[in-house]
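Trainee: Could we go through the empty spaces inside this protein together? I would like to understand the reasoning behind each label.

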Amino acid sequence: MLHRLFLRIELVKTFRAGQIYLKKKIGKDEIRIFPKIHSIRPLPGRVEYVFTVPLGMNPADIEKKRWLFENKYGMAIELERNNKKFVLNVYDRKQSSNYRYDFAQISEAFGNKRVPILAGVNGRGELVTYDMTEHPHLLISGETGSGKSTQLRAILTALIQAKTADELQLYLCDLKQSELFLFKRVGAVKGDIITDPGDLYEVLKRLQAEMRRRGKLLADNELHHIAEYNEKIGGQKEPYIVLVIDEVSMIKDEADSMAIIDEIAAIGRALGVYLVLSMQRADREVISGRLKNNLVVRMAFRASDRINSNIALGSKEAADIKVTEKGRFYLKLEATECLQGVLLESDRAKKLLEPFKTSQLIEDNAPVRKQPEQQELPIFNVLEDEDNETAR
Ligand SMILES: Nc1ncnc2c1ncn2[C@@H]1O[C@H](COP(=O)(O)OP(=O)(O)O)[C@@H](O)[C@H]1O
Ligand SMILES: [Mg+2]
């Protein structure tokens with residue numbers, strides 16, 4: 001009982017803080033009329049609040065102030081409106097932040113997605129995933145220490161565990177040389193981890209050639225999407241290609257590279273070539289408006305202020321994420337949703353990746369591999385196969 005009273009007081013405080021009340025004059029006094037709280041029910045893993053707005057208050061105003069409840073109760077809330085009645089569910093935060101990377105569950109959530117992306121855990125403790133072939137290019141933004149690299153690690157590890165090297169090719173660029181070494185020699189990862197802007201440019205040129213080849217392939221077969229090609233044409237399938245660049249700002253002055261990145265963002269979708277870019281601030285100094293528009297999926301981790309949140313997400317919520325809320329972000333897909341990234345520590349990722357490593361690749365560029373043609377260009381072997389001749 002006392003607990004419920006406490007919850008009631010806290011909810012009224014929230015109403016007051018957000019000025020969710022009507023003012024009414026009675027004689028000389030002014031009183032405040034708050035929404036009427038009908039019930040407060042502590043349930044397993046959540047608390048349910050039911051309230052109605054007083055006559056004369058626009059219920060839409062409460063929906064607009066959803067952020068208020070998120071500030072108060074954290075991201076794990078659900079606010080449903082039925083006419084004047086609201087049901088607010090506040091989920092136990094521990095539930096979602098305690099989620100451990102568990103590939104069996106992730107795999108189930110992936111279903112038969114072609115390029116499955118692990119986003120995070122929602123307020124109900126459910127895994128949220130999506131398919132890159134439907135929602136192509138991804139922009140991950142956030143302040144230093146907000147969780148971008150950790151998110152990349154979980155996304156990449158899950159992708160590698162879910163797909164074979166025939167289905168998926170990854171190109172990883174880590175100019176800070178700090179995060180992506182973990183993925184060295186993983187079968188799906190083409191070549192070495194790219195740490196030099198010059199090497200990145202070479203990779204981009206090859207990807208550009210590959211896009212031309214695929215474009216022609218689709219045109220010749222009168223198809224619109226590489227997924228269609230893979231499903232209709234028997235035999236050799238075209239792997240999906242994902243280029244990941246951690247901290248894109250480090251190449252912002254490389255105009256030639258940025259131009260190809262721009263091109264991938266513009267036409268890669270149908271060709272099965274996708275981008276995952278991470279950056280602290282998604283402002284014009286780093287990427288063009290056109291490029292940003294083509295990065296249709298956003299994961300916005302903590303932003304320093306509302307302006308930066310707006311730039312990253314198109315709305316201000318990412319600025320409300322607290323410094324202590326590591327791994328918390330807003331996913332903008334069809335709607336915008338607050339999620340907690342799945343924490344996968346480096347050490348655990350390392351163990352999970354072990355079975356996917358091609359141990360024969362020796363550092364000094366003398367790869368011992370099964371197929372002889374791969375020896376010539378160990379970094380780009382798959383792009384250099386015989387099909388490529390048609391693109392030139
Ligand atoms: N999803 C998460 N859950 C819990 N803690 C996290 C999560 N993501 C990041 N962290 C913590 O925050 C720290 C910084 O994260 P990091 O990914 O390196 O940030 P960034 O790349 O944005 O600078 C990590 O070392 C980890 O301790
Ligand atoms: Mg980082």
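Mentor: Happily; here is a short talk about cavities and their linings. This is a predicted model, in which local features need pLDDT of at least 70, side-chain atom pairs count only at pLDDT 80 or more, and totals for chains, interfaces and linings use all residues. Residues are numbered from 1 along each chain as its sequence is written, and side-chain values use heavy atoms, without hydrogens and water.

Trainee: What makes a space a cavity?

Mentor: On a 1 Å grid over the protein atoms alone, it is a set of points where a 1.4 Å probe fits but cannot get out. Searching the whole structure gives three cavities of 30 Å³ or more. The largest cavity holds about 110 Å³ of space, a volume being the space filled by probe spheres set on the points, which are joined across faces, edges and corners.

Trainee: How do you know which residues line the largest cavity?

Mentor: Lining residues have an atom within 4 Å of a point. The largest cavity has 14 of them, with Glu70, Asn71, Asp320, Glu325 and Tyr330 nearest its centre.

Trainee: Why is the largest cavity said to lie between domain 1 and domain 2?

Mentor: Domain bounds come from an automatic or database domain assignment. Domain 1 (2-91) and domain 2 (97-391) both contribute lining residues, so the largest cavity lies between them.

Trainee: What makes lining residues of the largest cavity count as nonpolar, polar or charged?

Mentor: Asp, Glu, Lys and Arg count as charged; Ala, Val, Leu, Ile, Met, Phe, Trp, Tyr, Cys and Pro as nonpolar; the others, Gly among them, as polar. By that rule, the lining of the largest cavity has seven charged, five nonpolar and two polar residues.

Technical notes:
Chains are lettered from A and ligands numbered from 1 in the order in which they are written. On a 1 Å grid over the protein atoms alone, a cavity is a set of points where a 1.4 Å probe fits but cannot get out, and a pocket is an open set with protein on both sides within 12 Å along at least five of seven lines; lining residues have an atom within 4 Å of a point.
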